[in-house]
Amino acid sequence: MAAPCPLPPPDPQFVLRGTQSPVHALHFCEGRQAQGHPLLFSGSQSGLVHIWSLQMRRALTTLDGHGGQCVTWLQTLPQGHQLLSQGRDLKLCLWDLAEGRNAVVDSVPLESVGFCRSSILVQGQPRWMLAVPGKGSNEVQILEMPSKTSVCTLKPEADAKLGMPMCLRLWQADCSPRPLLLAGYEDGSVALWDVSEQKVCSRIACHEEPVMDLDFDSQKAKGISGSAGKALAVWRLDGQQALQVCGTHQLTNPGIAEVTIRPDRKILATAGWDHRIRVFHWRKMQPLAVLAFHSAAIQCVAFAADGLLAAGSKDQRISLWSLYPRA
């Protein structure tokens, strides 16, 4: 008896159009600002941030704060009415979106013109920590916000030759007050920094090409990184704060722009330069689906708390997918 054929991948639940330029950043907002329905923020190559109602499936408003320069990263603060946007204009903007406002209330000048996205760590209201690419090509600057006080500059030793930081992830272990930073570098390595000590706790060579993005599951002490090459790398952090590569997954085509683990830590999605979204079982790294809809490189992927997946592409479209619903 023949084995049953696997089900074909689904079509998008719906598609958002109207960015009028390639989409480089996506972020879901679940806070009070969303009023029960998640909002989706998108950042475009033309410097605009669109705020989308997923209920009405259209843009509610457009924010223009980066002088026509590409928006590379978006993040809302926990209270929900403040948005951070990072642009290639060497500026990180803080927006006040409360009660219909859409004003830039503060900004942080950036020193690096690269595509390295920033990262935040909320340490209790109203303080939060911000990691941004630093002035030197291999540096990461840590700031305390909203005061913009410099905490430290993380600079590898001179003989390390890591190249530029390509992606950053601030986090904190539940059992420790010490902030930690995971950074992926141009030489293909991932490093764990102790921010307080300004030192590298551990570093591993994960990829032969630059690390384009990484995500980290602090509950499992396990992370994943994608690069300009053909492999996803899975790595662990042991009790001695040492990173260890525990597996790789070979892809058909090179180039992962972004990798993100769903909030329930069951599945993950990758944004492929080959126009494909790939979905994996996080614990087993078992391939679950290859989603083919876009006609150009996927540049960003994001999950909502309810499991909805969004993908943004160079083809100026944002696709929304309902996959493997959360139990």
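In strand β3, the bridge partner of A25 is G43, and this pair is a convenient place to enter the structure, which is a predicted model. A25 and G43 belong to a wider pairing, for β2 and β3 run antiparallel and are joined by 6 bridges. As a general background, strands of a sheet pair through backbone hydrogen bonds, and they may do so in a parallel or an antiparallel way.

Strand β3, which covers residues 39-44, also pairs with β4 (residues 48-53), again in the antiparallel sense, and here 5 bridges hold the pairing. Within this second pairing, L39 of β3 stands opposite S53 of β4. The two strands form a hairpin with 3 residues between them, and in that hairpin G47 takes a positive phi near 95°.

How many of the 6 residues of β3 are buried? The count is 6 of 6, and the strand is accordingly described as mostly covered. If you follow the side chains along β3, you will find that L39, F41 and G43 point one way, while L40, S42 and S44 point the other way, and that all of these residues are buried. S44, which is found in β3, has a relative accessibility of 1%, and because buried means under 20% relative accessible area, S44 counts as buried. S44 can also serve as a starting point for a look across the model, since A173 is 129 residues away from S44 in sequence and 33 Å away in space, taken from C-alpha to C-alpha.

From here we can turn to strand β14. This strand, too, is mostly covered, with 6 of its 8 residues buried. β14 pairs with β15 (residues 179-185) over 7 bridges in the antiparallel sense, and one of the facing pairs is formed by Q172 and P179, the latter in β15. Together β14 and β15 make a hairpin, in which 6 residues lie between the strands.

Another buried residue is S225, which lies in strand β19 (residues 222-227). Its relative accessible area is 0%, so S225 is buried. The side chain of S225 has a polar contact with the side chain of W235, at 3.0 Å.

Two sheets can now be followed strand by strand. In one of them, 4 strands form an open sheet with antiparallel pairing, and their order is β22-β23-β24-β25. Why is one side of β22 and of β25 left without a neighbour in the sheet? These two strands stand at the edges and each has a single partner strand, so one side of each remains without a neighbour there. Neighbouring strands of this sheet are turned against each other by 15° on average, when direction is ignored. Within the sheet, β24 (residues 276-281) pairs with β25 in the antiparallel sense over 5 bridges, and R278 stands opposite V290, a residue of β25.

The other sheet is also open and consists of 4 strands, arranged in the order β1-β28-β27-β26 with antiparallel pairing. Here β1 (14-17) and β26 are the strands at the edges, and because each has a single partner strand, one side of each is left without a neighbour in the sheet. From one strand to the next, the twist averages 20°. β26 runs antiparallel to β27 (residues 309-313), to which 5 bridges join it, and V301 stands opposite A311 of β27.

Several of the strands met so far return when we look at the empty space in the model. Rolling a probe the size of a water molecule over the atoms shows where such space is left. The largest pocket holds about 1,400 Å³ of space. It is lined by 47 residues, and those closest to its centre are H27, Q75, R169, D215 and T260. At least two residues of the lining come from each of several strands, including β2 (23-29), β14 (165-172), β22 (256-261) and β26 (298-303). By class, the lining of the largest pocket divides into 25 nonpolar, 13 polar and 9 charged residues.

The second largest pocket holds about 450 Å³ of space. Of the 23 residues that line this second pocket, F115, C116, R117, M166 and M212 are the closest to its centre. The lining of the second largest pocket has 10 nonpolar, 8 polar and 5 charged residues.

Conventions
Residues numbered from 1 in each chain as written. Predicted model: local features only at pLDDT ≥ 70, side-chain atom pairs only at ≥ 80, totals over all residues. Heavy atoms only, no water. 1 Å grid on protein atoms, 1.4 Å probe; cavity = no way out; pocket = protein on both sides within 12 Å on 5 of 7 lines; lining within 4 Å. Points joined across faces, edges and corners; volume = space filled by probe spheres on them. Nonpolar A, V, L, I, M, F, W, Y, C, P; charged D, E, K, R; others polar. Pairing = 2+ DSSP bridges. Axes fitted to C-alpha atoms, helices over the stretch in contact; angles between N-to-C directions. Buried < 20%, exposed > 50% of the residue type's maximum accessible area, 1.4 Å probe, protein only. Polar contact = N/O pair within 3.5 Å; in protein donor to acceptor, adjacent residues only side chain to side chain.
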